[in-house]
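Visitor: I should like to be guided through this structure. Please explain each term as it arises.

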Amino acid sequence: MELLRLGLDGQLTVDPADMEVASLDFGMLGKIEPLAVLHPSSAQDVARVVKAAYGSAHGFTVSARGHGHSINGQAQTGKGVVVQMSGSRAVPPRVVVGERYVDVWGGELWIDVLKSTLEHGLAPKSWTDYLYLSVGGTLSNAGISGQAFNHGPQINNVHELDVVTGKGELLTCSEEKNSELFYAVLGGLGQFGIITRARIALEPAPQRVRWIRVLYSNFMAFTGDQEYLISLHDRPASQKFDYVEGFVIVDEGLINNWRSSFFSPRNPVKISSLGSNGSILYCLEITKNYDESTADTVDQRLNFIPASVFITDLPYLDFLDRVHKAELKLRTKGLWEVPHPWLNLFVPKSRIGDFDKGVFKGILGNKTSGPILVYPMNKNKLIR
Ligand SMILES: Cc1cc2nc3c(=O)[nH]c(=O)nc-3n(C[C@H](O)[C@H](O)[C@H](O)COP(=O)(O)OP(=O)(O)OC[C@H]3O[C@@H](n4cnc5c(N)ncnc54)[C@H](O)[C@@H]3O)c2cc1C
């Protein structure tokens with residue numbers, strides 16, 4: 001009842017369809033129904049609800065939900081209100097070309113941030129592999145992809161935030177202003193406040209991407225090359241790649257299916273034909289951004305299997321939005337809305353070989369067809 005008296009501009013609802021959405025996430029590992037769902041129309045709406053929760057005699061919780069692509073209920077609450085940040089765009093993106101930043105609503109999806117900045121020839125610097133995630137959702141984690149070795153994760157590319165604190169105050173924070181709040185909220189798993197606006201650093205957007213994949217049967221050669229490539233992060237742009245990532249291939253289905261639509265059917269791969277005797281292969285992915293036809297070729301110092309170079313060339317938007325193509329394919333097969341017991345781990349360089357032996361070759365063997373990604377990270381890019 002106290003919530004109904006708040007004078008919200010947005011919509012507070014118990015509509016079954018809204019409740020169903022807010023009860024689940026991408027992981028589909030557990031269902032928790034909230035008491036109500038808020039579709040905010042402004043940052044003030046978010047502040048009013050959090051303030052009411054803080055001062056409530058009965059006590060209820062508030063959970064921000066972006067696009068609900070968490071794995072294990074991180075955006076859910078059974079004892080309160082889910083604030084549905086995505087889908088209710090309170091303010092459209094505002095690109096400031098001269099200072100190269102964009103101000104966006106916390107629930108904005110990265111795909112929409114990209115589309116709005118590309119209209120000005122600009123784009124954010126650091127990405128996740130998949131763009132149908134919200135700004136507030138990835139900034140509450142870290143936001144890591146193949147650009148992080150160079151620019152740091154997404155949380156390192158934010159100038160300023162508007163945050164609704166646990167007491168329901170709406171504060172602006174940055175490295176200089178309310179810095180404790182700024183650093184707590186970035187990577188704070190939604191526990192230190194709700195991001196209602198983020199100011200994100202931009203760079204000139206390249207027009208095209210040369211995307212290269214090479215295969216390895218030797219894990220140490222694979223990670224050795226990943227480490228070599230990310231060690232070039234301080235070199236001029238012409239001497240390094242723009243994106244370095246990789247994945248483990250435990251069966252042929254993976255390389256010819258998941259994340260591979262852009263390469264097939266031109267480059268179908270038979271693992272056995274690459275001399276790996278049917279065992280695990282490792283795929284290094286690198287890209288070079290370019291504007292004219294000046295893309296580099298594969299660096300000759302790498303130690304991949306010589307017959308295994310796959311190259312494709314795409315507009316920048318298509319490269320960044322590549323996983324969506326795989327999503328649409330999996331949806332047609334009924335394989336997207338299924339449980340995803342995914343796990344993310346940081347493994348130090350000193351133990352990565354043991355991890356390969358124990359997990360990739362040991363526990364997993366050839367018993368999975370899900371994606372297994374290996375992102376090389378420069379530790380010094382993770383710390384501010
Ligand atoms: C297909 C897929 C691919 C992915 N690829 C990558 C990847 O390449 N790199 C990577 O780093 N991650 C990746 N992720 C993980 C993803 O970044 C996180 O799960 C992220 O939290 C999802 O964003 P969301 O908007 O769906 O957040 P939600 O699941 O809605 O929320 C996530 C967390 O953030 C909090 N939160 C949400 N909005 C706000 C806000 N405005 N203010 C404060 N807290 C908030 C929630 O309370 C919750 O704790 C991927 C996930 C999927 C499903």
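Visitor: How many helices and strands does the protein chain have?
Guide: Helices (H or I, at least four residues) and strands (E, at least two) are DSSP runs, numbered from the N terminus. This is a predicted model, in which local features need pLDDT of at least 70 and side-chain atom pairs count only at pLDDT 80 or more, while totals for chains, interfaces and linings use all residues. Residues are numbered from 1 along each chain as its sequence is written, and side-chain values use heavy atoms, with hydrogens and water left out. The secondary structure of the protein chain comes to 11 helices and 14 strands.

Visitor: What percentage of the residues in the protein chain is buried?
Guide: Buried means under 20% relative accessible area, exposed over 50%, and partly exposed in between (1.4 Å probe, protein chains only). Of the 384 residues in the protein chain, the buried share is 53%.

Visitor: Which residues come nearest to the ligand?
Guide: A residue is near a molecule if one of its heavy atoms lies within 4 Å of it. There are 31 residues around the ligand. The nearest of them are G66, H69, S70, S134 and I144.

Visitor: Where does a nitrogen atom of the ligand meet a polar backbone atom?
Guide: A polar contact is a pair of N or O atoms within 3.5 Å. Oxygen atoms of the ligand lie 2.7 Å from a backbone N or O atom of H69 and 3.3 Å from one of L189. For the nitrogen atom, the distance is 2.8 Å and the partner is I195.

Visitor: Which element supplies the largest share of the shell around the ligand?
Guide: At least two residues of this shell come from each of β3 (61-65), α4 (135-139) and β10 (194-204). The largest share is 3 residues, and its source is α4.

Visitor: Why is α7 described as largely enclosed by the rest of the structure?
Guide: Helix α7 spans residues 219-230. Its buried residues include F219, F222, Y228 and I230. Contact means heavy atoms within 4.5 Å, and the cover over the buried residues of α7 includes α5 (148-151), β11 (208-216) and α11 (352-364). The helix is largely enclosed because its buried residues number 9 of the 12.

Visitor: Which residue's side-chain oxygen reaches to the backbone nitrogen of M220?
Guide: This pair belongs to the start of α7. The oxygen comes to within 2.8 Å of that nitrogen, and the residue that carries the oxygen is N218.

Definitions and conventions:
Polar contact = N/O pair within 3.5 Å; in protein donor to acceptor, adjacent residues only side chain to side chain. Expected span 1.5 Å × (residues − 1).
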